[in-house]
Amino acid sequence: MKLIFGDNQFFGINHMSEDKAQAQSERFSTLESIIKVIDCAYDSGIRDFMFTTHDRVGEICDHFRQCSTRYADIRLYPAMPYAHKYANLVSEKGILGAVSEVLGGSRSASSVVRAVVRAGIGAMQQDPIAVMRLLVDAELQMFRGLRIEAIFLQNIVTDLLFGMVAGKALKEFVDYARRQHKVDAGFITMNLPALSKFVAESGIDRPLLCASFNKAGYLMNPSKQSYELTVREGKQRFIAMSVFASGGVRPEEAIEYVRGFDGIDAVLFGASSRQHIEETVRLFRGAGVTAQA
């Protein structure tokens, strides 16, 4: 089991408090403030970082490239798409304009962008898998030249697709990541038991599944017990997030609970201060969990 450092705190995401989310957004309004926290995590021994494809992550990746010696062994886990970015683009430019805008950032997709613009919505409806591949390529552009360990589909898309019984699309996402980009792939979900069963039935070979997993049962739908059973079955590989239940579980209890499940490959957590990061790493190390693996 290893630790992965997440980025929710940098972009004003807090599932328990809008006030805290706003305060964090204001605190991390500059690249310097974000890098300072990333460096705290890196200096604490963490080498695995999950980033959404938020526009500002491009600045972070630029910093990594500019200081490549400093971050020589960093491993990244892009999570796409950043839903608010697409929602804003769709409201401003419509579906076709939003797709064209995103694809326009990928040099390899430039000819296809022109084709999509000419053909309109019909082209996307006729071959949505092809558009998905192009969007993956475009989203990964900001991470170019950096070591990508795995890419993830955000829960808003994951859960929509498996709710629509679109197993082919989920399978192609994993297959394309492995075939084209030579990286592992996975899904973030708000319903781990249902998704675990669905990917198995869809013929998807052991993707990484990331979901809330904590002693309080916080954000564990439909039940804490169903999550525990799913992990114990060991049919997939799992990353636990929200292990502290947004402060609802004492750190020592949270770590003891997660350590009780052999099927968990990694723990994803976020923090905004050196003290919190160092304390979390210390507690995990004390429980036999390494910051890197």
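Buried, in these exercises, means under 20% relative accessible area. The model you will be working with is predicted, so keep it open beside you as you go.

**Exercise 1. Get an overview of the chain.**
Find how many helices and strands the chain has, and what percentage of its residues are buried.

*Solution.*
Step 1. Start with the secondary structure: there are 13 helices and eight strands.
Step 2. Turn to burial. Of the 293 residues in the chain, 53% are buried.
Step 3. Now look at the contacts with a separation of 6 or more: 76% of them join residues 24 or more positions apart.

**Exercise 2. Explore the nonpolar cores.**
Work out which residues have the most contacts inside the largest nonpolar core, and which helix gives that core its largest share.

*Solution.*
Step 1. The largest nonpolar core holds 77 residues, and Phe-5, Phe-49, Phe-173 and Phe-187 have the most contacts inside it.
Step 2. Helix 2 (residues 31–43) provides the largest share of this core, with seven residues.
Step 3. A second core lies apart from the largest one; it has 13 residues, including Ile-4, Ala-79, Leu-208 and Ala-266.
Step 4. Zoom in on Phe-5. Leaving out residues up to four places away in sequence, its contacts include Val-37 and Ala-41, as well as Phe-49, Leu-268 and Ile-277.
Step 5. As background, nonpolar side chains in soluble globular proteins tend to be buried together.

**Exercise 3. Follow helix 11 and its neighbours.**
List the buried residues of helix 11, say what they pack against, and describe the contact with helix 10.

*Solution.*
Step 1. In helix 11, the buried residues are Ser-226, Tyr-227, Glu-228, Thr-230 and Val-231.
Step 2. Their packing partners are helix 10, strand 6, strand 7, helix 12 (251–259) and strand 8 (264–269).
Step 3. Take helix 10 from that list. The axes of helix 10 (residues 192–201) and helix 11 (residues 224–233) cross at roughly 35° and come within 8 Å.
Step 4. Helix 10 makes this contact through Leu-192, Pro-193 and Ser-196, while helix 11 uses Ser-226, Tyr-227, Thr-230 and Val-231.
Step 5. Sorted by class, the contact has four nonpolar, three polar and no charged residues.
Step 6. Just after helix 11 comes Gly-234, with a positive phi near 65°.

**Exercise 4. Describe the cavity.**
Establish how many cavities of 30 Å³ or more there are, and which strand supplies the largest share of the lining of the largest cavity.

*Solution.*
Step 1. The count is one cavity of 30 Å³ or more.
Step 2. The largest cavity encloses about 40 Å³ of space.
Step 3. Among the residues lining the largest cavity are Leu-192, Val-231, Phe-238 and Ile-264.
Step 4. Strand 6 (208–212) and strand 7 (237–241) each give the lining at least two residues; the largest share, four residues, is from strand 6.
Step 5. By class, the lining has ten nonpolar residues, one polar and no charged.

**Exercise 5. Place Thr-189.**
Decide whether Thr-189 is buried or exposed, and find what it touches.

*Solution.*
Step 1. Locate Thr-189 in the loop between strand 5 (184–188) and helix 10.
Step 2. Its relative accessible area is 0%, so Thr-189 is buried.
Step 3. Not counting residues up to four places away in sequence, Thr-189 touches Asn-155, Thr-158, Asp-159, Phe-162, Leu-195, Cys-210, Ala-211 and Met-241.
Step 4. Thr-189 and Leu-209 are 20 residues apart along the chain, and their C-alpha atoms are separated by 7.3 Å.

**Exercise 6. Check the backbone in the loops.**
Identify which peptide bonds to Pro-81 and Pro-222 are cis or trans, then compare the burial of Ala-245 and Ser-246.

*Solution.*
Step 1. Met-80 to Pro-81 is a cis peptide bond, with omega near -10°; Pro-81 sits in the loop between strand 3 and helix 4 (83–103).
Step 2. Asn-221 and Pro-222 are also joined by a cis peptide bond, with omega about 10°, and Pro-222 is in the loop between strand 6 and helix 11.
Step 3. Move to the loop between strand 7 and helix 12, where you will find Ala-245 and Ser-246.
Step 4. Neither is a glycine, yet Ala-245 has a positive phi of about 55° and Ser-246 has one of about 50°.
Step 5. Ala-245 has 3% relative accessibility and so counts as buried, whereas Ser-246, at 39%, is partly exposed.

Note on methods:
Residues are numbered from 1 along each chain as its sequence is written. This is a predicted model: local features need pLDDT of at least 70, side-chain atom pairs count only at pLDDT 80 or more; totals for chains, interfaces and linings use all residues. Side-chain values use heavy atoms; hydrogens and water are left out. Axes are lines fitted to C-alpha atoms, for helices over the stretch in contact, and angles run from 0 to 180 degrees between N-to-C directions. Contact means heavy atoms within 4.5 Å. Ala, Val, Leu, Ile, Met, Phe, Trp, Tyr, Cys and Pro count as nonpolar, Asp, Glu, Lys and Arg as charged, and the others, Gly among them, as polar. On a 1 Å grid over the protein atoms alone, a cavity is a set of points where a 1.4 Å probe fits but cannot get out, and a pocket is an open set with protein on both sides within 12 Å along at least five of seven lines; lining residues have an atom within 4 Å of a point. Grid points are joined across faces, edges and corners, and a volume is the space filled by probe spheres set on the points. A nonpolar core is a set of buried Ala, Val, Leu, Ile, Met, Phe, Trp, Tyr and Cys residues joined through side-chain atoms within 4.5 Å. Buried means under 20% relative accessible area, exposed over 50%, partly exposed in between (1.4 Å probe, protein chains only).
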